Amino acid sequence: MPNIQVLDPHVADLIAAGEVVERPASVAKELMENAIDAGAGAVTVEIAHGGMTFLRVTDDGCGIPPQELKTAFLRHATSKLRTEYDLEAIGTLGFRGEALAAISAVSRVEVMTRTPDSPLGASLELEGGVPGAVEEAGCPLGTTMVVRDLFYNTPARLKFMKKDAAEGAAVFAVVQRVALSHPEVSVKFIRDGKQELLTPGDGQLQSAVYAVLGRELALGFTPVNSRGEEMSVTGFVSQPACCRASRNWQFFFVNGRQVKSRLMMAALEEAYKNQKMVGKFPACVLHLELKRSAVDVNVHPAKTEVKFGSERGVFNAVYHAVLSALEGDRTRPAAVLEKPRPHDTVTPRQTTFQTMTAEQFKTRLTVSDATRPVPRKPVRPDPLRRPEAVVPAAPRPREEGPVPAADTDKLPPLNRETPCQSQEKTPPAETVQVVRPVENPVEKVETVRAQETISPAAVPEPQAAPAAPEPERREEAPWRVAGEVLNTYIIVEQGDTVLFIDKHAAHERMNFDRMKAAGYDPMAQTLLAPQVCRFPPQEQAALLSHLPLLEEFGFAAEDFGGGALIVRQAPFDVDAGDIGDTLSEIAQKLLATGSADPAAARDELLHTMACKAAIKGGWRTSPQELERIAQAVMSGQVKYCPHGRPVAIELTRQQLEKQFKRS
């Protein structure tokens, strides 16, 4: 058995540093908190290469006396606590006295500082926690900390660091949170020589919110101001129409300290119950002020979690403050209202893009331009016009589609026995599309099958495996589409069974399988007016590091500065108003999967694009489209959506009769 011995001080310092310093963002957080505790009115954070090789924090606070400079870098050295009773009411951001010691143990540190009563400042250099000599230096009032070569002496920690863009984004996120926690401090952030943030420091939270989160989000905020005897809640919350696609825009502060609180998050979202869209999350900047003795901040090494003496009181305070703000807000800014979605009409995307692949659409477009006569649209009578207004001289062949006689000889033979081409079920416009000549006969047959109405006796689509036993069994039992309810669920009757099919989930799976098998070749369109979308720093870094992958999916974007991207091109199946939310969702999935598994990241993006291209619940859908979706489900081709949800549920005759007390 090995002997028990005391660890070497250097090893102990490295272990302690691992609890406080996880990445460059941790260094920036600790140094900025020290600057604010020193009474700084302006703090500047400058980084290079994500903060791994260079990170400098400059403040105009009270400074450090030269005789105490070395002491400041010793473990458990602090000026903020004296006795054990001080732990019961902590009012400073830092108090443990471990930050400077932990940072200096894993990096090379240079510090310059000057106090108000000293004409000259002092400088000190440390390497691996070992200090040099304190020297006189000319410097402005305050303290400047320079941290270089982070984790140079701990390669085990260094190899787990992410790319410079990701580490820099994490530092930027920390700077943003500090700026929102103390609007009276002017915060400047410079990355690789470029200024990305500057807050005015005028003490107005609204000014800090505008500078940090941007104009669009700031205009969608509603002020919160609730004050009581025990605690007060102030800040801003987003209007229900301006909720975001993730919780990354939620900022909670307790006595000026940024915290992660599930309690406050639950109270916030409970106040939005029945007011926001499903899948959307409110944004907020909320400051909770309460007695120092009513909160314990000494429960986490990084001081990001706190414990409340009265959790029920905190929940009620946040809930009622937010609810009162939402109920008292009667403004509806036109800048944040979305254009209403046309639920009562079938959009062009539903009648063209959803019934054929990108390759088929391009082939049809190029071939039809060369062979289509003028006029390009067939002339047919309008059923809404009066009978006497209809021109009786319109020739019959033009109603069925203007096809030259010379071109009809070139058409491949069609199977006349399939019921998809029978009688008057196919409208004249569909007939025009069916008989249009296509150079490749194989593509012609696939196009016909995709556009024709499919009945239960029709041959399964090419995507379905003809040799699979289950589709054959399903086809033996006749079924029919009985209708659609709530513009969301398709009702299919098969024998003594009734199936309810979620058309969005089924169509999403069909899109995903097609994209997965044939590759996703989006029909991208250049935006007439490029859109500027703001994202949290981590999401922006994830998108910027995967720009080539985004281009494969039809997005053309570039860095616009200040946590924003400018999007110049987007896929055809993504509405202009959904571009920001779509990219945010993609960024979250990229952050979850990481860059270690490109195949997993690509599948996650396929999930998102398949969902965006699918028909939505609540949209009116053509009968032909409903038949096509029902055919895919009834043939066994589609069983689950890409997220694992079932696409159909069954109700037997016995279950229905039991509900009506008939059995």
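This is a short tour of the structure, stop by stop, with something to select at each one.

**The whole chain**

Start with everything shown. The model is predicted. The protein chain holds 23 helices and 23 strands. Colour the chain by burial next: of its 663 residues, 44% are buried. Then think about contacts between residues with a separation of 6 or more: 70% of these in the protein chain join residues 24 or more positions apart.

**Helix α5 and helix α2**

Select residues 164–181, which form helix α5, and residues 24–37, which form helix α2. Two packed helices are described by the angle between their axes and the distance between the axes. Here the angle is about 25° and the axes lie 8 Å apart. Angles under 35 degrees count as roughly parallel, so α2 is roughly parallel to α5. The crossing of α2 over α5 is right-handed.

Now show side chains. From α2, pick Pro24, Ala25, Ala28, Lys29, Met32 and Ile36. From α5, pick Glu167, Ala170, Val171, Val174, Val175 and Val178. These residues make the contact. By class, 10 of them are nonpolar, 2 are charged and none is polar.

An α-helix has 3.6 residues a turn, so residues three or four places apart point the same way. Keep that in mind as you look along each helix.

**Helix α5 and helix α6**

Keep α5 and add residues 205–213, helix α6. The two pack at about 160°, with axes 9 Å apart. Which way do they run, parallel or antiparallel? Angles over 145 degrees count as roughly antiparallel, and α5 and α6 are therefore roughly antiparallel to each other. Their crossing is left-handed.

Select Gln176, Ala179 and Leu180 in α5. They meet Leu205, Ala208, Val209 and Val212 of α6. This contact has 6 nonpolar residues and 1 polar residue, with no charged ones.

**Helix α5 and helix α18**

Stay on α5 once more. Add residues 537–544, helix α18. The axes of α5 and α18 come within 8 Å and cross at roughly 160°. This pair is therefore roughly antiparallel too. The crossing of α5 and α18 is right-handed.

On α5, highlight Ala165, Ala166, Ala169, Phe172, Ala173 and Gln176. On α18, highlight Pro537, Gln538 and Ala541. The contact of α5 with α18 divides into 7 nonpolar and 2 polar residues, and no charged ones.

**Helix α8**

Move to residues 262–271, helix α8. Which of its residues are buried? They are Met264, Ala267, Leu268, Glu269 and Ala271. Show what they pack against: the strands β11 (231–238), β12 (250–254), β14 (284–290) and β16 (307–308), and helix α9 (311–328).

**Two cysteines**

Select cysteine 284. At 0% relative accessibility, cysteine 284 counts as buried. Then go to cysteine 533, which is also buried, at 8% relative accessibility. A disulfide is a covalent bond between the sulfur atoms of two cysteines. How many disulfides does the model have? The count is 0.

**Alanine 614**

For the last stop, find the loop between α21 (598–613) and α22 (623–634), where alanine 614 sits. Is alanine 614 buried or exposed? Its relative accessibility is 1%, so alanine 614 counts as buried. Now add glutamate 508. Along the chain, alanine 614 and glutamate 508 are 106 residues apart. In space, their C-alpha atoms are separated by 5.1 Å.

Conventions
Residues are numbered from 1 along each chain as its sequence is written. This is a predicted model: local features need pLDDT of at least 70, side-chain atom pairs count only at pLDDT 80 or more; totals for chains, interfaces and linings use all residues. Side-chain values use heavy atoms; hydrogens and water are left out. A disulfide is a pair of cysteine sulfur atoms within 2.5 Å. Buried means under 20% relative accessible area, exposed over 50%, partly exposed in between (1.4 Å probe, protein chains only). Axes are lines fitted to C-alpha atoms, for helices over the stretch in contact, and angles run from 0 to 180 degrees between N-to-C directions. Helices (H or I, at least four residues) and strands (E, at least two) are DSSP runs, numbered from the N terminus. Angles under 35 degrees count as roughly parallel, over 145 as roughly antiparallel, 65 to 115 as roughly perpendicular and the rest as oblique. A crossing is left-handed if the near helix is turned anticlockwise from the far one by less than a right angle, and right-handed if clockwise. Contact means heavy atoms within 4.5 Å. Ala, Val, Leu, Ile, Met, Phe, Trp, Tyr, Cys and Pro count as nonpolar, Asp, Glu, Lys and Arg as charged, and the others, Gly among them, as polar.
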